[in-house]
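Please open the model in a viewer and keep the selection panel at hand. The tour below proceeds by selections, each followed by what is found there.

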There are 4 protein chains.
Amino acid sequence: MAVQKPPQPAPGKPVPDAGRRSERSRRAIYDAALALVAEVGYPRTTVEGIAARAGVGKQTIYRWWSSKADVLLEAFLDLGEQAARAAGQEEYAFPDTGDLAADLKAVLRATVDELRDPKYDAPYRALAAEGVVNEPLGRVFLARLLEPGLQLYADRLRSAQDAGQIRADVDPRIALELFVSPLAQRWLQRTGPISHEYTDTLVDYALYGLLPR
Amino acid sequence: MAVQKPPQPAPGKPVPDAGRRSERSRRAIYDAALALVAEVGYPRTTVEGIAARAGVGKQTIYRWWSSKADVLLEAFLDLGEQAARAAGQEEYAFPDTGDLAADLKAVLRATVDELRDPKYDAPYRALAAEGVVNEPLGRVFLARLLEPGLQLYADRLRSAQDAGQIRADVDPRIALELFVSPLAQRWLQRTGPISHEYTDTLVDYALYGLLPR
Amino acid sequence: MAVQKPPQPAPGKPVPDAGRRSERSRRAIYDAALALVAEVGYPRTTVEGIAARAGVGKQTIYRWWSSKADVLLEAFLDLGEQAARAAGQEEYAFPDTGDLAADLKAVLRATVDELRDPKYDAPYRALAAEGVVNEPLGRVFLARLLEPGLQLYADRLRSAQDAGQIRADVDPRIALELFVSPLAQRWLQRTGPISHEYTDTLVDYALYGLLPR
Amino acid sequence: MAVQKPPQPAPGKPVPDAGRRSERSRRAIYDAALALVAEVGYPRTTVEGIAARAGVGKQTIYRWWSSKADVLLEAFLDLGEQAARAAGQEEYAFPDTGDLAADLKAVLRATVDELRDPKYDAPYRALAAEGVVNEPLGRVFLARLLEPGLQLYADRLRSAQDAGQIRADVDPRIALELFVSPLAQRWLQRTGPISHEYTDTLVDYALYGLLPR
DNA sequence: CCCTAACCGAGACGGTACGTCTGGTCTTTAT
DNA sequence: ATAAAGACCAGACGTACCGTCTCGGTTAGGG
């Protein structure tokens, strides 16, 4: 997949020269892909449609990506990076005020807001769905989009453990799921509405189970 | 969609006469759909392929279902009903031994086993993914496949509340997600391995937070 | 083909009992077939359409006819018979005033009028076209629709031979084509306009070649 | 229709770029179309079948032609042009030995031979039939296939008029039908056998009527 | 500073599947 | 037993996209 950075010297394909790549085209393709997914939905977004909308030849897409899922994934990653750049450098910091419950609630509230933003919802949902069924893409989706965020939760929980605020024998990688997964499932499978009250309640319910007894 | 029970008098389409429907064809289509999804995966399963394998005309599929997702959903529902019939009547009972932790662990272990069974995994995963992106189908998927199971969790938790085993102010519909959603997300998004140990740990972590304080 | 009256005891098919045949259905089918061919053209006329318009099951058509061409052929024959019955008994008489040229011109003028009547043109043209490509139907078309008329020409020419008006060594079956075929081709293949003047001219040109020298 | 030379700027369809057209595909499609019509007949020849046999995508056919009739028409025109090229430049010359009767007989005999050649008969018959019922195609069939030949007859007759061999007041466009149409009808509608003797007789019967009186 | 290789827009190509339409058969229910 | 109704298997229709493959044209950078 094109996502893997080191362009392995594949036997069949002539590796394209990334140095000569057209930045204009890349941008136009990202924009077209995101716009189309938002407008007509992922299944009715086609590589041909993206190419036409971007004013680009189909081959220019196939030269750099392996599928529409791949295009969309990179487009979405790029969107995140742009947003990060726009917001400043400290994007990926997890608050650590010493009050674990408050910190978790704050982050979860921010996540709720993001999931409700239609600009993110459509492509994010499309990628998640594709990843469910397409294992390679799912792995990239996980590693590039999910994992960094999850690691921050784990780090914050570990920090709380060091402070003696939660039990030392708790596995942070499992504990974080108590907060994150219910929200994820409500959003993905529409098992219920998502709101700040809801995520606050999650923290109230789950965090207590992790406290020292 | 054929799933909606009251066959609304659609203006365009002549409603087919369900009384004359061929049971042979229906069975053959279900079998073919499930087999193909298991063999070649959902995206490479086609309506034409299902028809060919079932020895059925394409029109016979389009007469009764609106899409391959719809076919597969009903096929999977039927699979569940058949399994239920085969196992006896008391399929949907949630154990209530008085020991809530043990009961939850037992049910979650059974769910883990089911999710690991390739017979269920492929079509279930395909439907879940489709439901993420296709809202009407997602709603049916939720109502017909997910909801009944979730309700049993809620009932069991309510029963524990009545017994004073967990706090009265806990909302069972949220509490159940602490057990169910982490497993669901690990499975759908491959955020981690699923096992009996894992679900046992989930119960250990989350249940304590719900106990009377 | 159903046109062949003696329903041969085919091995496969159960010969339908003509005695129980519904006259209502037959009429409705003829009417529907002719109407549809006139309205939407032969290629877009379908057996299903005829059945629906006639308020008849498809099987009722397939029971008695072998194809839409066959239905239309019989419908057209029936149309002719009805017209004949309406006009009186002496429909098929060729005028014999003693003036061969005048008689030929009169009959050809009547044919021109008929070919220009849209009621006849569409189905007649459709049948002719089908017969060009479908030999069995073509033979029936020839025998039932064309041949009787041609025979009248031959008879009239023979009578003229007896009267010494045209050479004795002329073959009437060939001679008649000099009058009939040019008109037929102009009509079928649109090689030129058809009119009374045109057929008069044909007689003027061709008849002289047949006179005693 | 693709046959119409000036490719009018149709509003809906994007006009394909004829410069990039694959000659290989065109040839293969012509060959496949003619072969299939000869083998299984026109009605059972399908666009899919042509595409499969030619080793071509269906879209490649629909891109350049509007229907199977259109394909076959051009295939047949191409066949004629190839034969012409193979035979030399002077294909379309009508003999003018000074003996009109002999010249007409010679050309008609050649036509009889051609109509009897199965290679020509099947597609030619199919096109003629389609043209009877499909007016636009019929017009092209007439203009491209029939008209050039008919014009040669007219020219030859005009030349005979100049030589005083037939009456000056005879319209050559009508006179030629006395020779051509009877043969055409016998062939198309199977009203009689066609042979050299037959066409010789036609000339004997009809030509005399055109002589100066 | 040009030459030549690459990328680029464009779009034709061989294909697969779509969802629809019709052909001809079979089955059900009513007369 | 025939008829109306219509579901069934079959398969062609014409369309939409897929991913590959030319085509000029432009746009570098190495000679």
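Select α3(B) together with DNA strand F: this helix gives five residues, the largest share of the surface near that strand. The model is a predicted one.

**Around DNA strand F**

Extend the selection to the other elements on this surface. At least two residues each are supplied by α2 (47-54) and α3 of chain A, α3 of chain B, α3 of chain C, and α2 (47-54) and α3 of chain D. In total, 42 residues surround DNA strand F. To find the closest of them, select A:K58, A:Q59, A:Y62, D:R20 and D:Y62.

Now colour the surface near DNA strand F by residue class. The colouring should show 17 charged, 15 polar and ten nonpolar residues.

Next, turn to the strand itself. Which part of DNA strand F supplies the atoms within 4 Å of the protein, sugar or phosphate, or bases? Sugar or phosphate accounts for 64% of these atoms, and bases for the rest.

Three individual approaches may then be displayed:

- Select D:R20, one of the closest residues to DNA strand F; a polar side-chain atom of D:R20 lies 2.6 Å from a base oxygen of the strand.
- Select B:S25, where a polar side-chain atom lies 3.1 Å from a phosphate oxygen of DNA strand F.
- Select C:S22, where a polar backbone atom is 2.9 Å from a phosphate oxygen of DNA strand F.

**Around DNA strand E**

Move to DNA strand E and select α3(D), which gives five residues, the most of any element, to the surface near this strand. The elements that each supply at least two residues here are α3 (58-64) of chain A, α2 (47-54) and α3 (58-64) of chain B, α2 (47-54) and α3 (58-64) of chain C, and α3 (58-64) of chain D.

Which residues come nearest to DNA strand E? Of the 41 residues around the strand, they are A:T60, B:K58, B:Y62, C:K58 and C:Q59. Coloured by class, the surface near DNA strand E divides into 16 charged, 15 polar and ten nonpolar residues. Among the atoms of DNA strand E within 4 Å of the protein, 61% belong to sugar or phosphate, and the rest belong to bases.

Phosphate oxygens of this strand can be examined at three places:

- At A:D17, a polar backbone atom is 2.8 Å from a phosphate oxygen of DNA strand E.
- At A:W64, a polar side-chain atom lies 3.0 Å from a phosphate oxygen of DNA strand E.
- At C:V47, a backbone N or O atom lies 3.1 Å from a phosphate oxygen of DNA strand E.

**Between chain B and chain A**

Hide the DNA and select chain B with chain A. The contact takes 44 residues from each of them: 44 from chain B and 44 from chain A. The size of an interface is often given as the accessible area lost when the parts come together. Chain B and chain A bury about 3,800 Å² between them, with 62% of it on carbon and sulfur atoms. In chain B, select B:V132, B:R190 and B:Y205, which lose the most area to chain A and together account for 22% of what that side buries.

Polar links come next. There are 15 residue pairs in polar contact between chain B and chain A, and the count of salt bridges between the two chains is four. To display one salt bridge, select B:E135 and A:R190, whose side chains meet at 3.5 Å, N to O.

Which elements form the side of chain B that touches chain A? Those giving two or more residues are α6 (118-133), α7 (135-162), α8 (172-189) and α9 (196-207) of chain B. The largest share, 13 residues, comes from α8(B). By class, this side of chain B has 24 nonpolar, twelve charged and eight polar residues.

**The symmetry of the copies**

Superpose chain B on chain A. A turn of 179 degrees and a shift of 0.0 Å along the axis lay chain B on chain A with an RMSD of 0.2 Å. That is the relation of a two-fold axis. To locate the axis, select B:G209, whose C-alpha is the nearest to it in chain B, at 1.7 Å. The copies meet through the same surface, because 100% of the interface residues of chain B are also interface residues in chain A.

Finally, superpose chain C on chain D. Here the turn is 180 degrees, the shift along the axis is 0.0 Å and the RMSD is 0.1 Å. In chain C, the C-alpha nearest the axis is that of C:G209, 1.8 Å from it. The same surface serves both copies, as 100% of the contact residues of chain C recur in chain D.

Note on methods
Residues are numbered from 1 along each chain as its sequence is written. Chains are lettered from A and ligands numbered from 1 in the order in which they are written. This is a predicted model: local features need pLDDT of at least 70, side-chain atom pairs count only at pLDDT 80 or more; totals for chains, interfaces and linings use all residues. Side-chain values use heavy atoms; hydrogens and water are left out. Contact means heavy atoms within 4.5 Å. Buried area is the accessible area (1.4 Å probe) that two parts lose on being put together, summed over both. A polar contact is a pair of N or O atoms within 3.5 Å; within protein, one must be able to donate a hydrogen and the other to accept it, and residues adjacent in sequence count only if both atoms are side-chain atoms. Helices (H or I, at least four residues) and strands (E, at least two) are DSSP runs, numbered from the N terminus. Ala, Val, Leu, Ile, Met, Phe, Trp, Tyr, Cys and Pro count as nonpolar, Asp, Glu, Lys and Arg as charged, and the others, Gly among them, as polar. A residue is near a molecule or strand if one of its heavy atoms lies within 4 Å of it. Copies are superposed by least squares on the C-alpha atoms of residues with pLDDT of at least 70 in both.
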